[in-house]
Amino acid sequence: MHRSARLALLGATFGLAVSGCKTVAALKQRCLSGDVSACESACSKGVPGEGGCFHAGNLLRERAALDFQGADFRRASQYFGRSCDGGYADGCLLAGEMIAAPFTPDPSAESQKTISDADVVAREKRFDRACSRGSAAGCKRLGDALIGKNAERATAAYSKACGGTSAPADCRNARQGEVEQAEKWRLGCTRNVADDCTKLGDLLYMVDPPRAVRLFMAECALRGVAQLVGGVDRFVHDRIESARIATAESPPSALETDAAAHRFDVLSPTVDGSVAVTEVLRAFQGHAGQLAACLDLGDHHVPEELGLELIVDLTGDTFRTRISPPATPIEVARCLESVTDGFEFTPPQAITRISLKLRVHDAPPAAPAK
């Protein structure tokens, strides 16, 4: 080729390259100013992050709001996926969050949509890719998706997330303690310890609500109380409500002490089910100090006779306790409920109701010191 022709060709090629760069730069600028079509065009030209696929997903996500079935939500998910596949860490994080979004519990709804096994796995993979590409938030969300499921991997993910904090050692110690506690509850839950399922569910509701809903459904089946509470949906609805207030409001408690001002006698225990009355009496005797301390919380205005109804589920756990009369001081009632909810009996053949009365009286005067 003649030298002049070669120079002309090189000049044309260089011009096209410069023009292309200007075009992509212009698209990115327009995208960052809120032009969705420009974001989509920049994405198609190989821009996975800022000003391209990621911003296309973000703008479409904002437009979709809570319309999880709409076209904008689906397109946003696709663009976050393309951003992730292009190597952008925050794209992976948002791609994972989009998978979980339709399954976020709605406390006002009568029934909840449950995340599938496939979606759980897909979301976890997105968080894993976000974490491996340096996103501290991605590592945190990966830990949330694994706590109460895989202790070793959850600890590793949280450790990476803590690396970007102002006090990484303290952060790692705190997360390690949470992971270890969750693992104990997970093991207890798999061994049909219903209270451990409850505690793990409350923890998951704080960090990974879609998995919490799955656990609430399993807890209902384990306890066998669906018919009693009005169905599985009702049980899940009530568990969501209790989990929401679990950390914000803990029940009043009282320290067991020999100096309690009140004592009580157990009267007329009746059992509608297969739990032995002797077990009931033994449970109250074994927790007498705690129960007496609860009675002291009422500022000495405790009714002389309290009615208690305990519901025992199929695991032998006290599923629910009700206190009467309604005039019972709220701090006393809630404390008694907290103590009796910890009672465990031999697993019955069917849901069992235990009814009894506590006759409250002043403690006898202490014997004079010798």
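This is a short chat about a predicted protein model.

Student: What is the protein built from, in helices and strands?
Tutor: The predicted model has 16 helices and four strands.

Student: And how much of the protein counts as buried?
Tutor: Of its 370 residues, 41% are buried.

Student: What about contacts between residues far along the chain? Say, 24 or more positions apart?
Tutor: Take the contacts with a separation of 6 or more. Residues 24 or more positions apart make up 64% of them.

Student: Let's go inside. How many residues are in the largest nonpolar core?
Tutor: That core has 55 residues. Ile 147 and Phe 216 have the most contacts inside it.

Student: Which residues does Phe 216 touch, leaving aside neighbours within four places in sequence?
Tutor: Phe 216 is in contact with Gly 201, Asp 202 and Tyr 205. The list also has Phe 235, Val 236, Arg 239, Ile 240 and Ala 243.

Student: What other core lies apart from that one?
Tutor: Another core, of 25 residues. Val 280, Ala 283, Leu 336 and Leu 356 are among them.

Student: Back to α10. Where is that helix, and is it mostly buried or exposed?
Tutor: α10 covers 194–207. Ten of its 14 residues are buried, so the rest of the structure largely encloses α10.

Student: Which ones are buried?
Tutor: In α10, they are Ala 194, Asp 196, Cys 197, Thr 198, Leu 200, Gly 201, Asp 202, Leu 203, Leu 204 and Tyr 205. Gly 201, Asp 202 and Tyr 205 also appear among the contacts of Phe 216.

Student: What span should α10 have?
Tutor: At 1.5 Å a residue, its 14 residues should span 20 Å. The end C-alpha atoms are 20 Å apart, which agrees. The expected span counts one less than the number of residues.

Student: New topic, pockets. What is the volume of the second largest one?
Tutor: About 240 Å³.

Student: Which helices each supply at least two residues of its lining?
Tutor: α9 (168–190), α10 (194–207) and α11 (209–223).

Student: And which residues line that pocket?
Tutor: Val 120, Gly 148, Lys 149, Arg 186, Cys 189, Thr 190, Leu 200, Leu 204, Arg 211, Arg 214 and Leu 215. By class, the lining has five nonpolar, two polar and four charged residues.

Student: Last one: Pro 326. Where is it found?
Tutor: Pro 326 sits in the loop between β3 (318–324) and α16 (330–340).

Student: Buried or exposed?
Tutor: Pro 326 is exposed, because its relative accessible area is 83% and exposed means over 50%.

Student: How is Pro 326 placed relative to Leu 306?
Tutor: They are 20 residues apart along the chain, and their C-alpha atoms are separated by 9.8 Å.

Definitions and conventions
Residues numbered from 1 in each chain as written. Predicted model: local features only at pLDDT ≥ 70, side-chain atom pairs only at ≥ 80, totals over all residues. Heavy atoms only, no water. Core = buried A, V, L, I, M, F, W, Y, C linked by side-chain atoms within 4.5 Å. Buried < 20%, exposed > 50% of the residue type's maximum accessible area, 1.4 Å probe, protein only. Contact = heavy atoms within 4.5 Å. 1 Å grid on protein atoms, 1.4 Å probe; cavity = no way out; pocket = protein on both sides within 12 Å on 5 of 7 lines; lining within 4 Å. Points joined across faces, edges and corners; volume = space filled by probe spheres on them. Nonpolar A, V, L, I, M, F, W, Y, C, P; charged D, E, K, R; others polar.
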